[in-house]
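Hello,

Here is the structure I promised to pass on. Please have a look at it first, and then read my notes underneath.

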Amino acid sequence: MNYPFKKIEKKWQEYWLKNKTFKAEQFSERDKFYILDMFPYPSGAGLHVGHPLGYIASDIIARYKRNKGFNVLHPQGYDSFGLPTEQYAIQTGQHPAVTTEENIKRYRYQLDRMGFSFDWDREIRTSDPGYYKWTQWIFSLLFNSWYDTKSDRARSIKELSEFLEKNGTKKLYAYTNEDYDEISSKTWLSSDEKFKQEFILKFRLAYLSDSYVNWCPGLGTVLANDEVVNGLSERGGYPVEIKKMKQWKLRVSSYAQRLLNGLEEIDWPEPLKEMQKNWIGQSHGARVKFKIKGSKNLIEVFTTRPDTIYGVTFLTLAPEHKLVKDLTTKSNLGNVSQYISKIAKKNEKERLKDVGEISGVFTGTYAIHPFTNKKIPIWISEYVLVEYGTGAIMGVPCGDQRDHDFAKFFKIPITNIFKGVDVSTFAYTEKETFNLINSGFLNGLGFNKAFNKAVESLENINAGKNTITYKIRDAVFSRQRYWGEPIPIYYKNDLPYLIPKENYPVKLPEITKYLPTEDGHPPLGNSKTWAWDTLNKKIVDNKKIDFLNIFPIEKNTMPGWAGSSWYFNRYMDPNNDEFFVDKSALDYWKDVDIYIGGTEHSTGHLIYSRFYQYFLYDLGYVPSQNFAKKMINQGMILGESAIIYKSKKNKNFVSAGIADKNDSIPLHVDIKLVNEKNQLNINEFKNWQEQFKNVKFELENGKFFVDREIEKMSKSKFNVVNPDQICDDYGADTLRMYEMFLGPLEQSKPWNTAGITGVYNFLNKFWRLFHDDKKFCVYEKPSSIESLKILHKTIKKVNSDIDSFSLNTSVSAFMIAVNELSKQNCKNRDVLEPLVILLSPFAPHICEELWFLLGNQSSVSSCNYPIADEKYLINNIKNYPISFNGKMRFNLEISIDLNEDEIKKIVLNDKRTNKYLGNNKPKKIIVVINKIVNIVY
């Protein structure tokens, strides 16, 4: 008989919800265990079978820990602000909040169907004003903080103001990546408010700055680099251009070294930590200042190779560098302007990608070498990025291949500074095996000595200094969108001021147009009530802006990651209206014990979250500097795509086996249109999309075949498998166990629906262990030693596997155990009851039902997890080879505790012995204890 999963699963999902079975105690004498998944963005498409992989793993661990006696916090919520919802609003006019609510209902339905043990009383949504009130509060803290490089932590802006009042900038250890003039305390005290606010803005951790961004007019917003593909927006395919805009930024770079050091304190995957190290990008070198012929300006470059200073034959600036306009001579202005316009159409990714394409233009101006006083031409080129380093590099063609290629292409001289090395064809990039020539006071030195002496000499003439720099850049915090957290800022005399914290949340206004305004302002500019009354402390009509005490509010909103950079703390105390998290809750839960999510967030969310946590830790708001002790990156479940080929010649679709793939256009088709033999249903294909109604097909033996390709599961590739269908056909427990059975959690693996039947059959076999002729049947008598050994061996294996996150091998262990117990027809409570508890984290619905049928009134999640009894783990069995006249015929497992006569008796009573003896009688039985048995006849 098969187990009735539809009836069982619905019953127990309703029970868990009604009884709040998985509600975490806010305070408990039990040890806490906090396990968290990266929460989902609720898209309209819902979940496919790849999405739940991490959720299933975390749920198994959460249920296991509950059975182990821990007070488990396993929450879930929604990262519910996002561009896709806003785009849908633009297309349909439907408010993003309505769409978001519909999408969340769909997600919740799917998550509940899979039996996850989430504490739904702690659900959070980043778009809920009760939540983003605290996101705005954290922004206000960042705005009112600066980074003290001496104490290596964030401090209040009030303390900075007090310092400036007493000391001016003398001995000011404040992090900034902006230029400022030194001032005295007297100057500070006599300055007006405008000067003070502009000066302090250079140090705030949340600040306004002119930045070069990926601007997409079609979407009306700034895009991150990973949202731009080949100069077009990933969503919608709109053109993207590089544009200089005033943007809010967070000074993430101030925490660069601490973020780097902190990686040694956390148990996160090494590949992920390596990605973060590369993203932070620490470099040791020197900042070198080059004077400019005929100008008071200086060009500052950062180099990791100050030892090669004598090899400099040109400087290159980014096209966006602030000095380009001043440095360009009249005769070169046309070429420079034309080049800058051309490069403005490329984003950073494209500029870095086009390494084979050499381009640049001479400004007509020269720099002066700090040691030789020789003239050095100043060029601009796309391979230099204004946001990296200083936006300028010193070209050393003999020691850098990119510089070498550039110099060769534009016929710039190449000075060789490496003794005995030919640099006519390639640059010499080694550090360890050279002596310098043509290098003045550095001649004869190797890398280390030349590095130190060059830096020392640059410092002596005030032309440079020893420097450590980081590749990580400050995070752009502005988005020209509606559906995001409002930034709680108003502007007085074009300077930003915080809306007072007691007025949070600053709620999104209701608007009907979600595109930017006609004059180019973000969508919030469409609101008629988006001005701040400082006297009455409320939002008022825009028409009153010209009145005294009424000022415009910031029209940009926060980025999608603002709310997800601190949400793990809010789960500890999600319904607190008085504070972001109560101190007692933070002291109890402290941090996340296990965080599960994908590597795609390694240099976005996981950097920003660490930055937020470090910042809150500096101000004393959280007890732990690291928000997650351990991180697990789950792999992907890949889809099996179906590919067909369209001939470029006659536009016919050609069967895969006969298609000329070099002269065809490959197209993805919906996998639902293809059978298990890889044959396309042509009639269904024609009805699938209007464009295919009248196409022609070239068949292969009367059939049309597709190619299969394993790749990322994606709606655009039509290879998505819906978990709802799997739950309908096989049940949620089957889905859960199959996803774990596919392979190690951290690895990517292909989905194959055909393989799911093996897990489904296993669960039916497990169900039948408890039934006899369709009736529940479990015996109270003691089990055999053999059955108990199977049980306790499985207990030990599964405990060890879950502790080491080897969940796929646990599933295998369950299958082996159930097969062996079925052979023994074991229906004894002392084996089956512990087995139910053991399996329950993996297959909770069937185990809850069996637990109930066994006579238990409470949930299986509330009982203790089985512990292996060592006495059943001792291997006291010998697998004896049984021979007849010296020829081995079969093996027989016999206890090592038996004597010679007992062994002979067991061998003679075995049916196989009679088979091989036939009518013969044994003349002699030779028993070598723990080795062999030989029957002579």
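Below are some notes on the chain as a whole, followed by a closer look at one residue.

Please keep in mind that this is a predicted model. The protein chain has 937 residues, and 53% of them are buried. Its secondary structure comes to 28 helices and 36 strands. If you want a feel for the dimensions, the C-alpha trace spans about 115 × 80 × 70 Å along its principal axes.

Contacts across the sequence are worth a look too: taking those between residues at least 6 apart, 71% join residues at least 24 apart. As for the surface, the protein chain exposes about 43,500 Å², with carbon and sulfur atoms supplying 49% of that area. On the charge side, there are 128 positive and 113 negative side chains, and the centres of these two sets lie 3 Å apart.

The residue I looked at in detail is Asn-633. You will find Asn-633 in strand β24, which covers residues 628–633. Is Asn-633 buried or exposed? Its relative accessible area is 8%, under the 20% cut-off, so Asn-633 counts as buried.

What surrounds Asn-633 there? Setting aside neighbours within four places in sequence, Asn-633 is in contact with Pro-269, Leu-272, Gly-597, Gly-598, Thr-599, Leu-745 and Glu-746. For Gly-597 there is a further detail: its backbone oxygen lies 3.0 Å from a polar atom of the Asn-633 side chain.

Happy to hear your thoughts once you have had a look.

Best wishes

Note on methods:
Residues are numbered from 1 along each chain as its sequence is written. Side-chain values use heavy atoms; hydrogens and water are left out. Helices (H or I, at least four residues) and strands (E, at least two) are DSSP runs, numbered from the N terminus. Buried means under 20% relative accessible area, exposed over 50%, partly exposed in between (1.4 Å probe, protein chains only). A polar contact is a pair of N or O atoms within 3.5 Å; within protein, one must be able to donate a hydrogen and the other to accept it, and residues adjacent in sequence count only if both atoms are side-chain atoms. Contact means heavy atoms within 4.5 Å. Accessible areas come from the Shrake-Rupley method with a 1.4 Å probe; for residues, only the protein chains shown count as cover. Lys and Arg count as positive and Asp and Glu as negative; His and the chain ends are not counted. The place of a charge is taken as NZ of Lys, CZ of Arg, CG of Asp or CD of Glu.
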